[in-house]
Amino acid sequence: MSLIDSFGRIHRDLRVSLTDRCSLRCTYCMPHNFDKWLPSETLLTAKEIIKVVEIAVSQGVDEVRLTGGEPLLRPDIVEIVRGISALENAPELSMTTNGVALAKVAKELAQAGLRRINISLDTLDWERFKRLTFRDRYDDVIEGIAAAREAGLDPIKINTVLMRDVNGDEALPLLKWALSENLNLRFIEQMPLDAGDAWTRANLITAEEIFSQLNSEFELTPVENRGSSPAEEFYINGGPATVGIIASVTRSFCSNCDRLRLTSDGQIRNCLFSNEETDVRSILRNGRLAESEKREDIIKALGLSVKSKLPGHGINNPDFVKPVRPMSAIGG
Ligand code: SAM
Ligand code: SF4
């Protein structure tokens with residue numbers, strides 16, 4: 001079975017948001033005084049999440065990324081990782097985290113079956129970190145990165161969003177640091193998904209700008225065979241080290257998109273920017289349905305969501321409407 005949309009794109013990658021809550025308040029993601037949380041009773045349980053993942057795997061999904069909000073805020077995170085890793089035909093499992101709570105749990109996660117990790121870090125300056133995230137947790141993230149390495153998670157990728165007049169001058173320092181630490185850095189263009197509506201095109205640091213900043217000191221040559229990866233990868237000074245740039249806004253990669261999303265409150269989304277969702281929570285919690293009927297209905301819901309996927313996100317169209325959910329509640 002496979003999840004093919006009307007444009008022939010086969011969906012193999014499921015991003016699973018475990019919560020919309022977070023230990024940081026990154027300005028590009030949510031306002032510092034944000035308080036519109038999803039009601040806790042709507043969040044899927046570990047068992048429900050593992051069930052949806054298992055069904056998605058039976059439909060051809062072979063890559064699962066746990067995200068949020070901050071996935072490490074889930075007290076049952078190790079159980080979720082263990083449950084997904086123990087599935088028959090277990091998907092390749094990774095996680096995107098802000099790293100704040102990673103030092104305590106990295107080893108347990110690795111033992112439970114997590115192999116790869118993406119840790120978000122936008123600056124190497126702890127004061128800037130505090131201004132950017134409204135929390136004084138820079139040292140915790142650095143410790144989290146060390147713990148991930150110690151636990152054997154590999155690769156460790158660092159996600160960075162650059163913003164003009166905030167950390168826009170850190171592309172080169174971050175790359176030099178990542179190279180010295182043997183970490184794989186990826187820059188992500190800032191997308192209009194913040195709950196505070198602070199995104200402006202003028203403040204967007206484009207992939208082209210990032211490339212020229214990096215290329216001023218390093219020779220960057222494209223890595224071929226990008227496949228469905230959102231990142232354009234470049235060899236640094238001939239390789240083997242690489243750096244990635246995710247040009248979601250200025251060079252969209254929608255035509256090769258193979259991603260589906262499950263929100264923490266059990267909605268399937270076929271795009272970060274989608275304004276439509278397909279409800280699987282109500283199927284999971286429908287006491288009148290037998291397990292086999294639930295399974296069938298969830299398969300149908302996945303298929304319907306994929307079939308209604310648009311060819312592209314439309315950010316650059318004049319009639320673009322930003323999704324109601326902020327990034328923290330969609331799952332990046
Ligand atoms: N809390 C975790 C973290 O920060 O890694 C996981 C969730 S976060 C939403 C996932 C990724 O989305 C992070 O790397 C973050 O930098 C990125 N992100 C959040 N808001 C964004 C935006 N408006 N534009 C581009 N990337 C964004
Ligand atoms: Fe939290 Fe991640 Fe959003 Fe930052 S980007 S506020 S760490 S969910």
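Begin by selecting Tyr 138, which is buried in this predicted model, with a relative accessible area of 13%. Add Phe 129 to the selection, and you will have a second buried residue, whose relative accessible area is 4%. Both residues count as buried because each value falls under the cut-off of 20% relative accessible area. With the two side chains displayed, look at how their rings are placed: Phe 129 and Tyr 138 form an edge-to-face aromatic pair, with 5.8 Å from centre to centre and 70° between the planes. A search of the whole structure finds 3 aromatic pairs.

Next, select ligand 1 together with the 18 residues around it, among which Tyr 28, Gly 69, Ser 120, Asn 159 and Met 191 come nearest. By class, this shell is made up of 6 nonpolar, 10 polar and 2 charged residues. Now show the polar contacts one at a time, starting with Ser 120, where a polar side-chain atom lies 2.6 Å from an oxygen atom of ligand 1. At Thr 97 a polar backbone atom is 3.1 Å from an oxygen atom of the ligand, while at Glu 70 a polar side-chain atom lies 3.2 Å from a nitrogen atom of ligand 1. If you then turn on a surface, keep in mind that ligand 1 has 540 Å² of accessible area on its own, and that the protein covers 96% of this area. Colour strand S5 (92–97) and strand S7 (156–161), the elements that give two or more residues to the shell around ligand 1.

Finally, move to ligand 2, and select the residues around it, including Cys 22, Cys 26, Cys 29 and Asn 98. The shell around ligand 2 has 6 nonpolar and 2 polar residues, and no charged ones.

Notes: Residues are numbered from 1 along each chain as its sequence is written. Chains are lettered from A and ligands numbered from 1 in the order in which they are written. This is a predicted model: local features need pLDDT of at least 70, side-chain atom pairs count only at pLDDT 80 or more; totals for chains, interfaces and linings use all residues. Side-chain values use heavy atoms; hydrogens and water are left out. A residue is near a molecule or strand if one of its heavy atoms lies within 4 Å of it. Ala, Val, Leu, Ile, Met, Phe, Trp, Tyr, Cys and Pro count as nonpolar, Asp, Glu, Lys and Arg as charged, and the others, Gly among them, as polar. A polar contact is a pair of N or O atoms within 3.5 Å; within protein, one must be able to donate a hydrogen and the other to accept it, and residues adjacent in sequence count only if both atoms are side-chain atoms. Accessible areas come from the Shrake-Rupley method with a 1.4 Å probe; for residues, only the protein chains shown count as cover. Helices (H or I, at least four residues) and strands (E, at least two) are DSSP runs, numbered from the N terminus. Rings of Phe, Tyr and Trp (its six-membered ring) pair if their centres lie within 6.5 Å; planes under 30 degrees apart count as stacked, over 60 as edge-to-face and the rest as tilted. Buried means under 20% relative accessible area, exposed over 50%, partly exposed in between (1.4 Å probe, protein chains only).
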